[in-house]
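User: Could you walk me through the strand pairing in this one, and then zoom in on a single spot where two domains meet? I'd like the cut-offs spelled out as you go.

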Amino acid sequence: MKILELRNVNKIYDGSEVHVHAVNNISLDFEEGEFAAVVGPSGSGKTTLLNLIGGLDIPTSGTIIIDGTDLSLLKPSQLIDFRLRNIGFVFQSYNLIPVLTAKENVDFIMSLQKWPAEKRDARTMELLTAVGLAERVNSRPAKLSGGQQQRVAVARALASKPKFILADEPTANLDSKAAATLLEIMEKLNLEEKITFIFSTHDPRVVNMARRVITLLDGKVVSDEIRKKENKPA
Amino acid sequence: MIWSLSWKNVWRNKTRSLVVISAVTVGIISGVMIMGVMQGWIEQRMHDAIYNEVSHIQIHNKEYLGNEEPLFTVIRPEEVISSVEALPGVRAFVQRTKLTAMAATPWAATGLFIYGIDPEKEKSLSEIYKKIVPGAGEYIDKNKDGTILISDKTAEILKLKHYIITSGLFDRLGGRHIPYSVMEKLDSLKEVRFRSPKDFREALRSRLSKKELDKYGKILIDSALDYRIRSRIQITLTDSAGNPVQGTFRVCGIYKTTNTGYDQMSAFVNAGELASLCGTGKPMIHEIAVLLHNIEDAESVRRKLSSLPPGNVVSTWKDLAPDAAYMNDFMILYYFIIIGIIMFALAFGIINTMMMAILERTKELGMLMAIGMNRRKIFSMIMLETTFLTGVGAIAGMISGWLIVSMLGKTGIHFAGWGEGFEAIGFAAVVYPYITTEFFIFVILMVIATAVLSSVWPARKALKLNPVETLRTE
């Protein structure tokens, strides 16, 4: 089932001295359950593309439709609410709330959606167990390693069962072991929860694991490769 | 979750938050103290004005208020008294003769009002009988003829009050209360008579060190004070026919209220004796003073007395002691000004702290917006943080302020050095601070208003952040 469509999307930064065509007429479709990597050299437009898909930035032209909703038709306040209910974010530098514990960080998204406490507790424990942090639920981010923090961030992104998760260079700040663990967890959750993951990355480990690889250069899609990989059992 | 997150955010930078909280605490303590002292003074002034000077209601001949001639007595007083007696809510009332007079001793003279009273009945309404200076005679006795009760100030003016270190006092104080080394310095003052406390204090100051004066000055001044009780005062006044009459009275006692202005102008004698002096047979009634059970009833009682015989006028305590009435009426304005100034000054510190907190958390706020925290929730979070920051300080300040005011309310604050000045305008030199529940409610409302207003600028700053840009920052 198609959950995301991009049609002739452009993003142009037109300053007084600089004119950058960061995303150049991109059209893409994403199906439910995809595990896709957006790759390309620095400045190729990966992060800009993810920001546009996530509704954080507005395209100069073109259309982005998520699960039948055209983002350009939403008011700013509706867009924030849409993001809350439909899109999960994983950031390069984790971006957890430092004063909250791992459990509270995951719970936060659901509490914003006013889920009942019992349902929130169950979902939080389920996700933290899935990312291997059942023993660290009451630890604050400062007491967790980088890999553990990013796993909490993945759990937070998944908390309210979004349509898809956008991960901007999720392994960039992790050592190889932590990165491998994180990727395994994300792939497992992708298969179990049937949630689409879209990464921007430089990391060859992520690229190797992806089942679809979209390559950007100077804001344009230069290749869109679908790989045949066997789904691992849950 | 927003409440919990806001509370935790307050304690991210403990030192910075504690500095602001301490500033708010000290500010609120200052406000509570200032208002406690003001409220104490106003309560004292109100109480003294009513129970020493004017009561709740007074009835006069209308002409008397503009021209205090003896002949302008209350019109048809029996009817007036019957009306007053019939009123519900009246605790006590008295009739007084009130005449302008000249009081003279061999050394000085002064003008004053001489009140002809029934001393025992007067006790049901006025607390003057409680204001007799210890060791300075006694209240008027109805059965003792020819006596007059004058104030400490009148005694000073008529030179019936002096300060003298007698040989007896010198021996009594030396060694036991004051070291001999100090007393020796005062040897040249022995048996020297000072007419005013100021002169005596100056004499002590010229002979003692500041430390000695601070330590022993009060006991010396109190011990050296002496009144010429039983001295004769010649009273000259005019009778109802306008003829001058004279009488001699012996001072039976000295009283002292907190209002030297009133004291200076008021002396009391038995009403019957004043009637004899004026040759009226029975006492003239120039003033009927009424004390009510409840001060709030004063205006309604005045309205009920509107049917008194024409030519009489009914005044409430607000007409008779307008200074106390104005202070009481404007109390809420004082609250607003004092607490308003304090909170206004504190708001700058609060805004500064919150702005720093926002700037430090730019990336985090961007992340919160990105993951779906809407503007209303971001605004609420910042506002709650500001409210917690201010509220903790305010609660600490109110509790501390209340404790301090409660303690000082029992011991009193002594403004001995400024006593004369305060008493000249009707305020006691010892104030007992006191705070009302209304004041605390007012402070809570002001704190909430300050917190909300102080949060607007930082919150607007936060709402203007662009998630894409902030997430790029390191």
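Analyst: Let's start in chain A, where strand 1 (residues 2-14) and strand 4 (residues 61-66) of chain A pair in the antiparallel sense over five bridges. Strands here are DSSP runs of E with at least two residues, helices are runs of H or I with at least four, and both are numbered from the N terminus; two strands pair if DSSP finds at least two bridges between them. Within that pairing, Leu6(A) stands opposite Ile64(A) in strand 4 of chain A. The wider picture is an open antiparallel sheet of four strands, in the order 2-1-4-5 (chain A). Its edges are strand 2 (19-31) and strand 5 (69-70) of chain A, each pairing on one side only.

Some ground rules: this is a predicted model, so local features need pLDDT of at least 70 and side-chain atom pairs pLDDT 80 or more, while totals for chains, interfaces and linings use all residues. Residues are numbered from 1 along each chain as written, chains are lettered from A and ligands numbered from 1 in written order, and side-chain values use heavy atoms, without hydrogens or water.

Now for the close-up, strand 6 (residues 161-164) of chain B. Both of its faces are covered: Lys161(B) and Tyr163(B) on one side, His162(B) and Ile164(B) on the other, are all buried (under 20% relative accessible area with a 1.4 Å probe, protein chains only; over 50% would be exposed, in between partly exposed). Strand 6 of chain B pairs antiparallel with strand 8 (residues 225-227) of chain B over three bridges, with Leu225(B) as the bridge partner of Tyr163(B). Strand 7 (residues 193-194) of chain B pairs with strand 6 of chain B over two bridges, also antiparallel, and there Arg193(B) stands opposite Ile164(B).

An automatic or database assignment sets the domain bounds, and in chain B domain 3 is 161-227, while domain 2 is 56-160 + 229-320. Between these two domains of chain B, ten residues of domain 2 are in contact with seven of domain 3, meaning heavy atoms within 4.5 Å. The rule finds two salt bridges across this interface, each being a side-chain nitrogen of Lys or Arg within 4 Å of a carboxyl oxygen of Asp or Glu. Back at strand 6, Lys161(B) forms a salt bridge with Asp152(B), their closest N and O atoms being 2.9 Å apart. On the domain 2 side of chain B, helix 6 gives the most to the surface touching domain 3, with three residues.
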